[in-house]
Amino acid sequence: QVQLVESGGGLVQAGGSLSVSCTLSGRTFTSFAMGWFRQAPGKEREFVAAISWGGGNTYYSESVKGRFTISRDNAKNIVYLQMNSLKPEDTAIYYCAADTSFSRNLGRYWGQGTQVTVSS
């Protein structure tokens with residue numbers, strides 16, 4: 001049984017930085033491409049970033065490209081999302097996702113989410 005647990009959300013001022021992380025357990029981490037999605041109040045969940053099994057390839061949404069960085073530590077079974085130059089519109093619940101395929105639509109398994117709030 002795959003379990004994903006996010007951590008690291010919180011409150012930050014606009015222009016600041018925050019990092020969230022997600023730990024996978026239950027299966028071999030390198031079997032999965034990993035991704036981050038977010039859902040703001042009243043909006044649909046949207047893709048943020050994805051990283052391939054070995055970490056050599058990444059995708060980003062246009063809204064976060066150049067500000068966010070996804071990375072993974074395969075020795076620790078953790079995927080990270082470093083968020084810089086945060087904007088109030090980045091406020092959302094951030095979800096970690098895992099899938100055996102690598103795409104912007106990955107999402108076989110999901111974490112419970114972690115709240116990120118950016119104040120203006």
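This passage describes the strands, the nonpolar cores and the salt bridges of a predicted model.

Strands of a sheet pair through backbone hydrogen bonds, either parallel or antiparallel. One group of four strands forms an open sheet in the order 1-3-8-7. The pairing in this sheet is antiparallel. Strand 1 (3-7) and strand 7 are the edge strands, and each pairs on one side only. Direction ignored, neighbouring strands here are turned by 15 degrees against each other on average. Strand 7 and strand 8 are joined by six bridges, in the antiparallel sense. Within this pair, Ser71 stands opposite Tyr80 of strand 8.

Strand 4 takes part in two further pairings. Strand 4 and strand 9 run antiparallel and share seven bridges. Ala33 has Asp99 of strand 9 as its bridge partner. Strand 4 also runs antiparallel to strand 5, with five bridges between them. Here Phe37 is the bridge partner of Phe47 in strand 5. Strand 4 and strand 5 form a hairpin with six residues between the strands. In that hairpin, Gly42 takes a positive phi near 75 degrees. Strand 4 is mostly covered, as six of its seven residues are buried.

Strand 11 pairs in both senses. With strand 2 (residues 10-13), the pairing is parallel and spans four bridges. Gly10 has Val116 of strand 11 as its bridge partner. With strand 9, strand 11 runs antiparallel, and three bridges join the two. Ile93 stands opposite Gln115 of strand 11.

The side chains of strand 11 follow a simple pattern. In a regular strand the side chains alternate between the two faces of the sheet. Along strand 11, Thr114, Val116 and Val118 point to one face and are buried. Gln115, Thr117 and Ser119 point to the other face and are not buried.

The nonpolar residues come next. In soluble globular proteins, nonpolar side chains tend to be buried together. The largest nonpolar core of this model has 30 residues. Leu4, Met34, Trp36, Val79, Leu81, Met83 and Tyr94 have the most contacts inside this core. Several strands each supply at least two residues of the core. Among them are strand 3 (18-25), strand 4 (33-39), strand 5 (46-51) and strand 7 (68-73). Strand 8 (78-83), strand 9 (92-99) and strand 11 (114-119) each do so as well. A second, separate core has seven residues, including Ala50, Ala97, Phe102 and Leu106.

Leu4 illustrates the contacts of one core residue. Neighbours within four places in sequence are left aside here. Leu4 is then in contact with Cys22, Thr23 and Leu24. Its contacts also include Met34, Cys96, Ala97 and Ala98. Tyr109, Trp110, Gly111 and Gln112 are in contact with Leu4 too.

Charged side chains add another set of links. The structure holds four salt bridges. Arg38, Glu46, Arg67 and Asp90 are linked in a network of salt bridges. Within this network, the side chains of Arg38 and Glu46 meet with an N to O distance of 2.6 Å. Arg38 is buried, with a relative accessible area of 5%. Glu46 is partly exposed, with a relative accessible area of 35%.

Arg38 also meets the side chain of Asp90 in a salt bridge, at 2.9 Å from N to O. Asp90 lies in the loop between strand 8 and strand 9, while Arg38 lies in strand 4, so the pair ties together parts that are 52 residues apart in sequence. Asp90 counts as buried, at 1% relative accessibility. The cut-off for buried is under 20% relative accessible area.

Another salt bridge joins the side chains of Lys65 and Glu62, at 2.8 Å from N to O. Lys65 is partly exposed, with a relative accessible area of 45%. Glu62 counts as exposed, at 63% relative accessibility.

Key. Residues numbered from 1 in each chain as written. Predicted model: local features only at pLDDT ≥ 70, side-chain atom pairs only at ≥ 80, totals over all residues. Heavy atoms only, no water. Core = buried A, V, L, I, M, F, W, Y, C linked by side-chain atoms within 4.5 Å. Buried < 20%, exposed > 50% of the residue type's maximum accessible area, 1.4 Å probe, protein only. Contact = heavy atoms within 4.5 Å. Pairing = 2+ DSSP bridges. Axes fitted to C-alpha atoms, helices over the stretch in contact; angles between N-to-C directions.
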